[in-house]
Amino acid sequence: MLITKRVEFSASHICHNPGLSESENRELFGAAANPHGHGHNYIVEVTLKGEPDPVTGMVLDLKELKDLLERYVIEPYDHRFLNYEVAPFDHIIPTAENVAIDIWKRLEPHLSGRRGELHGVRVYETDDLYVDYFGGKS
Amino acid sequence: MIHVSRKYRFSASHRLHSEQLSESENQHIYGKCNYPFGHGHNYELEVGVKGPVEAKSGRAIDTTALDLLVSTEILEAFAYKNLNAEISEFRNVVPTTENLGIEIHRRLNSKWRDVFPGQWPALDKVRIAETSRNIFEVSENGQK
C-alpha cells in the first residue's frame with residue numbers, strides 16, 4: 001500500500017554553476033540564472049510504502065509523518081534562499097531534481113526499517129513541472 | 001534516476017465514430033461522443049522523462065529543449081484542429097484519447113534522438129487528460 005502526504009514551502013533559488021561563465025549559465029538555465037534569484041511555491045509529496053499495522057490500521061501515524069516533514073523539510077527550507085541558507089545547495093545547484101534528492105536524504109534515515117518505508121519524493125516547482133525520485137531505483 | 005514531468009495544454013475537436021461499426025453500434029458504444037458534428041476538449045498533456053541528474057547543470061533534462069520539441073511536434077500539429085478531419089493518422093483510426101496518446105508518443109519518440117542524442121534523458125510516458133476525469137497513459141514502449 002502506498003500512502004502520500006503533501007506539504008508546501010516557499011523558497012528562492014538561483015540555477016547557476018560557478019564553474020561556467022555567465023553566458024554559459026544564461027544559455028543553460030535561461031531566466032533561472034538571474035543572479036538575484038527568484039522563488040517558487042514548492043509542493044512536496046512524500047510517499048510511503050507498507051502494510052497497515054493490524055492493531056492500529058495505519059501504515060505510519062500521519063501525525064508522526066507530519067512532524068517529520070515539518071522538522072526535516074519545512075523548517076530548513078521554508079522562506080529560505082536555498083543557495084545561501086540550505087546545505088547542500090552552497091555547492092549543489094538547487095534544481096527541482098536536486099531538491100527531491102536532498103529531501104529524500106533528509107527523510108530516509110528517519111523512515112528506514114519502519115512499517116512505512118520511504119518510497120518516493122515528488123517535488124512540484126510549478127503546477128506544470130514536477131520531478132519524482134525513488135531513492136536511486138528507477 | 002530522476003523522473004521529470006512537464007504539462008502542456010491544447011484544445012482540439014474530435015468525433016468518435018468507427019467505419020467498421022453500424023450507426024446503431026457507434027451510437028451504443030460511443031454515446032454522446034458519436035454526435036455527428038463532433039465536440040472539443042481542453043486536453044492536458046503530461047510528458048514524463050527519466051534520466052540521471054547531469055553534474056554540470058544539476059538537471060535531468062533541458063526543459064527548454066523539451067518545450068520546443070513538444071511545441072513543434074505536438075502543439076502546433078494538434079492545437080485548434082479537428083482531429084478526424086485534419087490529422088492524417090486519424091483518417092482511418094478513431095481519435096479516442098487512447099489513440100491520441102499513442103500517436104503523441106509515436107511522434108515524440110520519432111524525433112527524440114534528434115533532440116536528445118545520448119542514452120538519457122529517455123521518454124518515459126505520455127499521459128493525456130481529455131477531461132479532469134478521463135486520463136490515459138502510454139508507457140515507454142508505446143503500449144497502453
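**Exercise 1. Determine which strands helix α2(B) lies across, and state its angle to β1(B).**

*Solution.* Step 1. In this predicted model, α2(B) lies across β5 of chain A and across β1 and β2 (39-51) of chain B.

Step 2. The helix runs at about 20° to β1(B).

Step 3. The setting within chain B is as follows. Chain B has 4 helices and 4 strands, and from the N terminus on its elements run β-α-β-α-α-α-β-β. Its C-alpha atoms fill a box of roughly 60 × 25 × 25 Å along the principal axes. Of the 144 residues of chain B, 28% count as buried.

**Exercise 2. Describe the contact between chains A and B: how many residues does each chain contribute?**

*Solution.* Step 1. Chain B gives 16 residues to the contact and chain A gives 17 residues.

Step 2. On the side of chain B that touches chain A, β1 (2-14) and α2 (63-78) of chain B each supply at least two residues. The largest share of that side, 6 residues, comes from β1(B).

Step 3. Sorted by class, the side of chain B that touches chain A holds 5 nonpolar, 6 polar and 5 charged residues.

Step 4. Strand pairing also links the chains: 5 bridges join strand β5 (residues 129-133) of chain A to β1(B), and the two run antiparallel. Within this pair, Tyr130(A) stands opposite Ser5(B).

**Exercise 3. Give the order of the strands in the open sheet, and explain why one side of β3 of chain A is left without a neighbour in the sheet.**

*Solution.* Step 1. The sheet has 9 strands with mixed pairing, in the order β3(A)-β1(A)-β2(A)-β4(A)-β5(A)-β1(B)-β2(B)-β3(B)-β4(B).

Step 2. β3 of chain A and β4 (135-139) of chain B stand at the edges, each with a single partner strand, so one side of each has no neighbour in the sheet.

Step 3. The pairing can be followed inside chain A. β2(A) and β4(A) run antiparallel and are joined by 7 bridges, with Ile43(A) opposite Tyr124(A). Strand β4 (residues 117-126) of chain A is joined antiparallel to β5(A) by 5 bridges. A hairpin connects β4(A) to β5(A) through 2 residues, and Thr126(A) stands opposite Leu129(A).

Step 4. A helix packs on this sheet: α4(A) touches β2, β4 and β5 of chain A together with β1 of chain B, and its direction makes about 150° with that of β4(A).

**Exercise 4. Analyse helix α2 of chain A: where does it bend, and which of its residues are buried?**

*Solution.* Step 1. Helix α2 (residues 62-77) of chain A bends by about 40° at Glu70(A).

Step 2. Glu70(A) counts as exposed because 12 other C-beta atoms lie within 10 Å, and the cut-off for an exposed residue is 12 or fewer. Its C-alpha atom is separated by 9.9 Å from that of Glu8(A), 62 residues apart along the chain.

Step 3. Leu65(A), Leu69(A), Val73(A) and Tyr77(A) are buried in α2(A). An α-helix has 3.6 residues a turn, so residues three or four places apart point the same way.

Step 4. The buried residues of α2(A) pack against β1 (2-13), β2 (38-49), β3 (80-81) and α4 (96-111) of chain A.

Step 5. Just after α2(A), His79(A) takes a positive phi of about 60°.

**Exercise 5. Identify the residues that touch the most other members of the largest nonpolar core, and list the contacts of Val123(A).**

*Solution.* Step 1. The largest nonpolar core has 51 residues, of which Ala100(A), Ile103(A), Val123(A) and Val131(A) touch the most other members. In soluble globular proteins, nonpolar side chains tend to be buried together.

Step 2. α4(A) gives the most to this core, with 7 residues.

Step 3. Apart from its neighbours within four places in sequence, Val123(A) is in contact with Tyr42(A), Val44(A), Ala96(A), Val99(A), Ala100(A), Ile103(A), Tyr130(A) and Val131(A).

Step 4. There is also a second, separate core of 7 residues, including Leu28(A), Phe29(A), Ala32(A) and Ile93(A).

Terms used: Residues are numbered from 1 along each chain as its sequence is written. Chains are lettered from A and ligands numbered from 1 in the order in which they are written. This is a predicted model: local features need pLDDT of at least 70, side-chain atom pairs count only at pLDDT 80 or more; totals for chains, interfaces and linings use all residues. The bend at a residue is the angle between axes fitted to the seven residues ending there and the seven starting there. A residue is buried if 20 or more other C-beta atoms lie within 10 Å of its own, exposed if 12 or fewer, and partly exposed in between; C-beta atoms are placed from the backbone. Two residues are in contact if their C-beta atoms, placed from the backbone, lie within 7 Å. Ala, Val, Leu, Ile, Met, Phe, Trp, Tyr, Cys and Pro count as nonpolar, Asp, Glu, Lys and Arg as charged, and the others, Gly among them, as polar. Two strands pair if DSSP finds at least two bridges between them. A nonpolar core is a set of buried Ala, Val, Leu, Ile, Met, Phe, Trp, Tyr and Cys residues joined through C-beta atoms within 7 Å. Axes are lines fitted to C-alpha atoms, for helices over the stretch in contact, and angles run from 0 to 180 degrees between N-to-C directions.
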